[in-house]
Each structure stands twice: as structure tokens, then as C-alpha cells.
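Student: I have a structure on my screen. Can you show me how to read its features?

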Amino acid sequence: MNYYKIHYEVDTGFEYRRDTAIVKAESRDAAVEKLGAYISSIGNDYTISEVFFVTEFIDDIFSNQFNPRRK
């Protein structure tokens, strides 16, 4: 199992909202599927409308607002 960082957009039926999630899964595709099931469980209208990127998460810390520069 690996961790994947997914930057995506959700259609709530009312608005579009962007988010980033960390998902534990066997593969990138499985991570997106798992996240899709999670989002749709919030409400009938909630679906992932777009996935911008999926990368393996290998860092120790994730912050959606603060990303220190790598040296």
C-alpha cells in the first residue's frame, strides 16, 4: 500500500470546489476510485468532476496551504 496525493475538483450540484486529499491505496487508479466513492458518499450530487494530478506521497508532512521550498 502506498499513499497518493490527489488534487481534484468536486461538483456538489451547486458549486465546484477544489481540494487535495491523501489516499492510501494499492495504485493510483485505486486511489482515485477510493476517493470517488468517499466523495459520492457525502451526498447524491457530489462527484469528482476533474482530477488535476495524482502523485505518490512520500513526504512526512502534508499542508495544503504551506509548502516549503525544496533545497
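**Reading the chain**

Tutor: Buried residues account for 24% of the 71 residues in the protein chain. Keep in mind that this is a predicted model.

Student: Which elements does the protein chain have, and how do they run from the N terminus on?

Tutor: There are one helix and three strands in the protein chain. The order from the N terminus is β-β-α-β. The C-alpha atoms fill a box of roughly 45 × 25 × 15 Å along the principal axes.

Student: How much area does the protein chain expose?

Tutor: About 5,600 Å². Carbon and sulfur atoms supply 47% of that area.

Student: How many positive and negative side chains are there?

Tutor: The protein chain has 9 positive and 12 negative side chains. The centres of the two sets lie 11 Å apart.

Student: Why can side chains of opposite charge pair?

Tutor: Pairing can happen when their charged atoms come close. Here, the count comes to two salt bridges. The cut-off is 4 Å, from a side-chain nitrogen of Lys or Arg to a carboxyl oxygen of Asp or Glu.

Student: Which side chain meets Glu9 in a salt bridge?

Tutor: Arg18 does, at 3.5 Å from N to O. Glu9 has 14% relative accessibility, so Glu9 counts as buried. Arg18 is exposed, at 57%.

Student: And which side chain meets Glu15?

Tutor: Arg17, at 3.9 Å from N to O. Glu15 is partly exposed, with a relative accessible area of 36%. Arg17 is partly exposed too, at 47%.

Definitions and conventions
Residues are numbered from 1 along each chain as its sequence is written. This is a predicted model: local features need pLDDT of at least 70, side-chain atom pairs count only at pLDDT 80 or more; totals for chains, interfaces and linings use all residues. Side-chain values use heavy atoms; hydrogens and water are left out. Buried means under 20% relative accessible area, exposed over 50%, partly exposed in between (1.4 Å probe, protein chains only). Helices (H or I, at least four residues) and strands (E, at least two) are DSSP runs, numbered from the N terminus. Accessible areas come from the Shrake-Rupley method with a 1.4 Å probe; for residues, only the protein chains shown count as cover. Lys and Arg count as positive and Asp and Glu as negative; His and the chain ends are not counted. The place of a charge is taken as NZ of Lys, CZ of Arg, CG of Asp or CD of Glu.
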